[in-house]
Amino acid sequence: MSTAPDPRPREPKPALVFDDPMDQQSSDDTDRGWGERPSGDSAADLKRFLDEKPPHHI
């Protein structure tokens, strides 16, 4: 029993990239997102503090 090959074209395989990964900028190389918080009022700061406090500090 023989089957005919699938007539649909296959998607091309992704090409191998041999670039140096150290030449590319990562998200850690920028200062965006490091410790910045949206400005808020003191009630929001207290809520954030209580939400992030470990359970053994209650």
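Which residues form a nonpolar patch on the surface? I will start there and then go to the charged pairs. Keep in mind that this is a predicted model.

The patch consists of Leu46, Phe49 and Leu50. Together these residues have about 320 Å² of accessible area. Take Leu50 as one of them. Leu50 is found in helix H1, and its relative accessibility is 47%. The cut-off for exposed is over 50%, and buried is under 20%, so Leu50 counts as partly exposed.

Now the chain as a whole. The protein chain has 1 helix and 0 strands. That helix, H1, covers residues 42-52. The chain has 58 residues, and 2% of them count as buried. The exposed area of the protein chain is about 6600 Å², and carbon and sulfur atoms account for 55% of that area.

Next, salt bridges. How many does a search of the whole structure find? The search gives 2.

One of them joins the side chains of Lys47 and Asp51, with an N to O distance of 2.8 Å. Why can this pair be discussed in terms of the helix? Lys47 and Asp51 are 4 residues apart in helix H1, so about one helical turn separates them. As for the surroundings, Lys47 has 53% relative accessibility and counts as exposed. Asp51 is exposed as well, at 54%.

The other pair is Glu52 with Arg48. Their side chains meet in a salt bridge at 3.2 Å, again taken from N to O. The spacing is 4 residues within helix H1, which means that Glu52 and Arg48 are also about one helical turn apart.

Are the two partners in this pair buried or exposed? Glu52 has a relative accessibility of 52%, so this residue counts as exposed. Arg48 has 37%, so this residue counts as partly exposed.

To put the helix together: H1 holds the Lys47 and Asp51 pair, the Glu52 and Arg48 pair, and Leu50 from the nonpolar patch. In the Lys47 and Asp51 bridge, Lys47 is exposed and Asp51 is exposed. In the bridge between Glu52 and Arg48, Glu52 is exposed, whereas Arg48 is partly exposed.

That is what I have on this model.

Key: Residues numbered from 1 in each chain as written. Predicted model: local features only at pLDDT ≥ 70, side-chain atom pairs only at ≥ 80, totals over all residues. Heavy atoms only, no water. Salt bridge = Lys/Arg side-chain N within 4 Å of Asp/Glu carboxyl O. Helix = DSSP H or I, 4+ residues; strand = E, 2+ residues; numbered from the N terminus. Buried < 20%, exposed > 50% of the residue type's maximum accessible area, 1.4 Å probe, protein only. Areas by Shrake-Rupley, 256 points an atom, 1.4 Å probe, with all protein chains shown as cover. Patch = residues over 30% accessible without salt bridge, like charges linked within 9 Å, V, L, I, M, F, W, Y side chains within 5 Å.
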